[in-house]
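Please examine the sequence and the three-dimensional model shown here. The explanation that accompanies them considers open space and cysteine residues.

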Amino acid sequence: MAVGLQALDKSTNAVFNSRKQQVLQQVDLSRKGSIDDYIKPLVECINSNPNSVTTSSCSGRIVIYCEGPQKKKGCHWLLVRHNPVTLDEVVTSLSGKLPTGDINFKFEPFVLHVLCSSLEAASDMVGE
(Lines give C-alpha, C1' and ligand atoms only; values in the text may rest on other atoms or scores of the structure.)
Protein backbone atom coordinates (compact mmCIF):
# COMPACT_ATOMS: atom_id res chain seq x y z
CA MET A 1 0.00 0.00 0.00
CA ALA A 2 1.30 3.47 -0.85
CA VAL A 3 2.39 5.73 2.02
CA GLY A 4 -0.39 8.25 1.22
CA LEU A 5 -3.07 5.55 1.46
CA GLN A 6 -1.70 4.35 4.81
CA ALA A 7 -1.99 7.89 6.18
CA LEU A 8 -5.54 8.13 4.80
CA ASP A 9 -6.48 4.80 6.43
CA LYS A 10 -5.10 5.96 9.80
CA SER A 11 -6.99 9.25 9.47
CA THR A 12 -10.24 7.47 8.51
CA ASN A 13 -9.85 5.03 11.42
CA ALA A 14 -9.24 7.91 13.85
CA VAL A 15 -12.38 9.69 12.61
CA PHE A 16 -14.44 6.50 12.85
CA ASN A 17 -13.11 5.65 16.32
CA SER A 18 -13.92 9.15 17.53
CA ARG A 19 -17.44 8.97 16.09
CA LYS A 20 -17.97 5.50 17.59
CA GLN A 21 -17.02 6.78 21.06
CA GLN A 22 -19.44 9.71 20.65
CA VAL A 23 -22.27 7.36 19.66
CA LEU A 24 -21.60 4.98 22.56
CA GLN A 25 -21.46 7.80 25.11
CA GLN A 26 -24.51 9.78 23.99
CA VAL A 27 -27.83 9.62 25.77
CA ASP A 28 -30.47 7.35 24.20
CA LEU A 29 -32.95 9.84 22.69
CA SER A 30 -35.65 7.29 21.93
CA ARG A 31 -39.00 7.65 23.65
CA LYS A 32 -38.28 4.41 25.54
CA GLY A 33 -34.81 5.60 26.55
CA SER A 34 -33.01 2.26 26.29
CA ILE A 35 -32.12 -0.57 23.94
CA ASP A 36 -34.90 -3.14 23.60
CA ASP A 37 -34.17 -6.29 25.62
CA TYR A 38 -34.88 -8.58 22.65
CA ILE A 39 -32.05 -7.13 20.58
CA LYS A 40 -29.60 -6.07 23.31
CA PRO A 41 -27.29 -9.08 22.68
CA LEU A 42 -27.16 -8.27 18.95
CA VAL A 43 -26.44 -4.58 19.58
CA GLU A 44 -23.72 -5.47 22.10
CA CYS A 45 -22.15 -7.90 19.61
CA ILE A 46 -22.08 -5.30 16.83
CA ASN A 47 -20.74 -2.60 19.15
CA SER A 48 -17.97 -4.91 20.41
CA ASN A 49 -16.64 -5.13 16.83
CA PRO A 50 -13.94 -2.45 16.40
CA ASN A 51 -15.25 -1.67 12.89
CA SER A 52 -18.94 -1.08 13.67
CA VAL A 53 -21.36 0.73 15.96
CA THR A 54 -25.15 0.80 16.08
CA THR A 55 -26.65 4.27 15.73
CA SER A 56 -30.34 3.32 16.04
CA SER A 57 -32.30 0.17 16.75
CA CYS A 58 -35.75 -1.13 17.59
CA SER A 59 -36.80 -4.74 18.06
CA GLY A 60 -40.16 -3.81 16.57
CA ARG A 61 -43.21 -2.46 18.32
CA ILE A 62 -46.95 -2.27 18.40
CA VAL A 63 -48.38 1.19 19.00
CA ILE A 64 -51.93 2.45 19.45
CA TYR A 65 -52.21 6.23 19.65
CA CYS A 66 -54.35 9.22 18.86
CA GLU A 67 -52.50 11.86 16.82
CA GLY A 68 -52.00 15.31 18.23
CA PRO A 69 -52.47 18.53 16.29
CA GLN A 70 -48.94 18.24 14.81
CA LYS A 71 -48.73 14.53 13.94
CA LYS A 72 -46.32 13.01 16.49
CA LYS A 73 -46.20 16.09 18.73
CA GLY A 74 -48.91 15.95 21.33
CA CYS A 75 -49.90 12.34 20.62
CA HIS A 76 -51.94 10.51 23.22
CA TRP A 77 -50.24 7.12 23.54
CA LEU A 78 -52.73 4.39 24.39
CA LEU A 79 -50.39 1.38 24.07
CA VAL A 80 -46.71 0.95 23.25
CA ARG A 81 -45.14 -2.52 23.43
CA HIS A 82 -41.83 -3.85 22.18
CA ASN A 83 -43.01 -7.41 22.68
CA PRO A 84 -46.09 -9.41 21.67
CA VAL A 85 -49.41 -8.11 22.98
CA THR A 86 -52.60 -9.93 23.86
CA LEU A 87 -56.07 -9.08 22.66
CA ASP A 88 -56.93 -8.17 26.25
CA GLU A 89 -54.15 -5.54 26.30
CA VAL A 90 -55.44 -4.01 23.08
CA VAL A 91 -59.05 -3.96 24.32
CA THR A 92 -57.97 -2.48 27.67
CA SER A 93 -55.99 0.28 25.93
CA LEU A 94 -59.15 1.22 23.99
CA SER A 95 -61.54 1.14 26.95
CA GLY A 96 -62.39 4.10 29.11
CA LYS A 97 -62.35 7.73 28.03
CA LEU A 98 -60.58 8.10 24.69
CA PRO A 99 -59.23 11.31 23.20
CA THR A 100 -61.03 12.81 20.22
CA GLY A 101 -59.63 12.15 16.78
CA ASP A 102 -58.49 9.17 14.81
CA ILE A 103 -56.97 6.26 16.66
CA ASN A 104 -53.99 4.71 14.89
CA PHE A 105 -52.82 1.12 15.21
CA LYS A 106 -49.25 0.58 13.96
CA PHE A 107 -46.91 -2.32 13.74
CA GLU A 108 -43.33 -1.23 13.18
CA PRO A 109 -40.86 -4.01 12.35
CA PHE A 110 -37.30 -4.55 13.55
CA VAL A 111 -34.86 -1.85 12.41
CA LEU A 112 -31.13 -1.55 12.92
CA HIS A 113 -28.79 1.21 11.71
CA VAL A 114 -25.09 0.42 11.77
CA LEU A 115 -22.15 2.71 11.05
CA CYS A 116 -19.06 0.89 9.74
CA SER A 117 -15.47 2.06 9.50
CA SER A 118 -15.20 1.22 5.79
CA LEU A 119 -16.99 -0.27 2.82
CA GLU A 120 -15.07 -3.49 3.42
CA ALA A 121 -16.28 -3.62 7.04
CA ALA A 122 -19.86 -3.00 5.87
CA SER A 123 -19.59 -5.79 3.29
CA ASP A 124 -18.30 -8.14 5.99
CA MET A 125 -21.25 -7.12 8.19
CA VAL A 126 -23.82 -8.16 5.58
CA GLY A 127 -21.88 -11.23 4.49
CA GLU A 128 -20.95 -10.05 1.01
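The paragraphs below treat the largest pocket and then the cysteines of this predicted model.

One way to study a protein is to ask where its atoms leave room. Rolling a probe the size of a water molecule over the atoms shows where empty space is left. In this model, the largest pocket holds about 730 Å³ of space. Its lining is made up of 26 residues. Those that lie nearest the centre of the pocket are D28, L29, S30, S56 and S57.

Which elements give two or more residues to this lining? Two helices, α1 (3-25) and α2 (40-48), do so, together with the strands β1 (52-58) and β3 (71-81). The largest share comes from β1, which supplies five residues. In chemical character, the lining of the largest pocket is mixed: ten of its residues are nonpolar, nine are polar and seven are charged.

Attention may now turn to the cysteines. The structure holds zero disulfides. Why do C66 and C75 not form a bond? A disulfide requires two cysteine sulfur atoms within 2.5 Å. The cysteine sulfur closest to that of C66 belongs to C75, and because the distance is 7.9 Å, the two are too far apart for a bond. Seen from the other residue, C75 likewise is in no disulfide, its nearest cysteine sulfur being that of C66.

Are these cysteines buried or exposed? C66 is buried, with a relative accessible area of 2%. C75 is also buried, and its relative accessible area is 13%. Both values fall under the 20% that defines a buried residue.

Conventions:
Residues numbered from 1 in each chain as written. Predicted model: local features only at pLDDT ≥ 70, side-chain atom pairs only at ≥ 80, totals over all residues. Heavy atoms only, no water. 1 Å grid on protein atoms, 1.4 Å probe; cavity = no way out; pocket = protein on both sides within 12 Å on 5 of 7 lines; lining within 4 Å. Points joined across faces, edges and corners; volume = space filled by probe spheres on them. Helix = DSSP H or I, 4+ residues; strand = E, 2+ residues; numbered from the N terminus. Nonpolar A, V, L, I, M, F, W, Y, C, P; charged D, E, K, R; others polar. Buried < 20%, exposed > 50% of the residue type's maximum accessible area, 1.4 Å probe, protein only.
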